[in-house]
Amino acid sequence: MTSSGQNIQDGGPLLPEAADLGRRAAQDAVRGPAAGRPVVTRFAPSPNGALHIGHAYAAIAAHDFAQAAGGAFLLRIEDIDGQRSRAEHIEMILADLHWLGLTWDAIIYQSDRTDSYVSALEQLRAAGLIYRCTCTRSDIAAALKQRPVRHGPDGPQYPGTCKGKAIDTSMPHCWRLDMAAACQVAGQMTWQDMEAGAQDANPAIFGDVVLWRKDSPASYHLAATVDDAAGGITHVVRGRDLFAYTGLHRLIQRLLALQEPVYWHHVLIRDTDGEKLSKSRKSEGLRVIRNTGIDGADLAASLRRGELPLGMSR
């Protein structure tokens, strides 16, 4: 399914760093994790709010990377959070991307792929690598007061309250990864970033992460990793704020015997306080900019030249 009947290779000037890396990816097709596979990238927004300039940069980076490599660019709508995802936000995402002049070769909705996540979870359950957890946030906070734990990128690791215990399955529960068991099965792992080079994967820093939530299907980590493999994504183009999480995603790939992609973690767009743009900080949405009458193609061209709106930096 294409967005407008156009092939992405019909585009104009490209984001320089994306173009350079994309051409390199095409030249490196005979070696590395993505060897022998046509280049495929993706942009994967969640329809829980408005896209902002940071999203525009990320979408352009993934689009231009694929275009320079003569590959494919996919749009994946991460809409499995039923409490926060909204149809009107999906419509706004599509409108914003079209306004920027971007096209894609296929569009995937995570809400259509729940069976794939169930299958992945069952595979991990059958291997004895996950366990049920009924803890609430207050339960975990209370346990942390009694037992010091290591801290990871997301804060204190889960203290293991439910691990190894019989759980009443009628109670609301999530599924957590038994990190120690998973790391033992997976062994030593590495992953490749196109700028930072070879990296040792150290997923243990996250502790027993949630892979299936109480209130919705798969967690971001499980769903995104499964979908990247299913979509044939050879190069995951995303912001540097996700760099630390790649070791965890590499672990899930190893446990589920999924193909390993190459990564490019690009720079982030920051606001006047030096903080990355985000929905939670209510960064100005693309729709607001669009409604001022600015031409989206001109904005995209400015971003490709490294020209940012007043007050923003890289």
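Across the protein chain, the mean pLDDT is 89, and 92% of the residues reach 70 or more. Over residues 1–12, the pLDDT is below 50, although this stretch still has 29 contacts in the model beyond near neighbours in sequence. Where pLDDT is low, the predicted coordinates should not be read in detail. The structure described here is a predicted model, and the paragraphs below walk through some of its helices and loops.

A good place to start is a pair of helices. Two packed helices are described by the angle between their axes and the distance between the axes. Helix α1 spans residues 16–27 and helix α2 spans residues 53–69; their axes come within 7 Å and cross at roughly 40 degrees. That angle makes α1 oblique to α2, because an angle must be under 35 degrees to count as roughly parallel, and 65 to 115 degrees to count as roughly perpendicular. The crossing of α1 and α2 is right-handed. On the α1 side, the residues that take part are E17, A18, A19, L21, G22, R23, A25 and A26, and they meet Y57, A61, D64, F65, A68 and A69 of α2. An α-helix has 3.6 residues a turn, so residues three or four places apart point the same way. With this in mind, the list of α1 residues can be traced along the helix in the structure above, with E17, L21 and A25 among them.

A second pair offers another geometry. Helices α4 and α7 pack at an angle of about 105 degrees, and their axes are 10 Å apart. The two are therefore roughly perpendicular to each other. In this contact, α4 contributes S116, Y117, A120 and L121, while α7 contributes L222, A223, V226 and D227. A120, a residue of helix α4, is worth a closer look. Its relative accessible area is 7%, so A120 is buried. Leaving aside neighbours within four places in sequence, A120 is in contact with L222, V226 and L256. A120 and A223 are 103 residues apart in sequence, yet their C-alpha atoms lie 9.1 Å apart in space.

Helix α7 itself, residues 220–230, is mostly covered, with 8 of its 11 residues buried. These are H221, L222, A223, A224, T225, V226, D227 and D228. What covers them? The surroundings of the buried α7 residues include the strands β1 (40–43), β2, β10 (210–212) and β11 (235–239), together with the helices α4 (114–126) and α8 (246–255). After α7 comes G232, whose phi is positive, near 70 degrees.

Helix α8, one of the elements that cover α7, is mostly covered in its turn, since 9 of its 10 residues are buried. The buried residues of α8 are T246, G247, L248, H249, R250, L251, I252, Q253 and L255. This helix is followed by A257, which lies in the loop between α8 and β12. Most residues other than glycine have a negative phi, and most peptide bonds are trans. Against that background, A257 stands out a little: its phi is near 55 degrees, a positive value in a residue other than glycine. Is A257 buried or exposed? With a relative accessibility of 69%, A257 counts as exposed.

Loops can hold buried residues too, and the loop between β2 (72–77) and α3 (87–99) is where E78 lies. E78 is buried because its relative accessible area is 9%, which falls under the 20% cut-off. Which side chains does E78 reach through polar contacts? One polar contact, of 3.0 Å, joins the side chains of E78 and R76, and another, of 3.5 Å, joins those of E78 and Q110. Not counting residues up to four places away in sequence, E78 touches A44, P45, S46, P47, S85, Q110, Y220 and A224. Of these, A224 has already appeared among the buried residues of α7.

D81 lies in the loop between β2 and α3 as well. D81 is buried, with a relative accessible area of 14%, and beyond its neighbours within four places in sequence it is in contact with R213 and S216.

Finally, S278 lies in the loop between β12 (262–266) and α9 (286–290). At 11% relative accessibility, S278 counts as buried. S278 and E17 are 261 residues apart in sequence, and 23 Å separates their C-alpha atoms in space.

Methods: Residues are numbered from 1 along each chain as its sequence is written. This is a predicted model: local features need pLDDT of at least 70, side-chain atom pairs count only at pLDDT 80 or more; totals for chains, interfaces and linings use all residues. Side-chain values use heavy atoms; hydrogens and water are left out. Helices (H or I, at least four residues) and strands (E, at least two) are DSSP runs, numbered from the N terminus. Buried means under 20% relative accessible area, exposed over 50%, partly exposed in between (1.4 Å probe, protein chains only). A polar contact is a pair of N or O atoms within 3.5 Å; within protein, one must be able to donate a hydrogen and the other to accept it, and residues adjacent in sequence count only if both atoms are side-chain atoms. Contact means heavy atoms within 4.5 Å. pLDDT is the predictor's confidence in each residue, from 0 to 100. Axes are lines fitted to C-alpha atoms, for helices over the stretch in contact, and angles run from 0 to 180 degrees between N-to-C directions. Angles under 35 degrees count as roughly parallel, over 145 as roughly antiparallel, 65 to 115 as roughly perpendicular and the rest as oblique. A crossing is left-handed if the near helix is turned anticlockwise from the far one by less than a right angle, and right-handed if clockwise.
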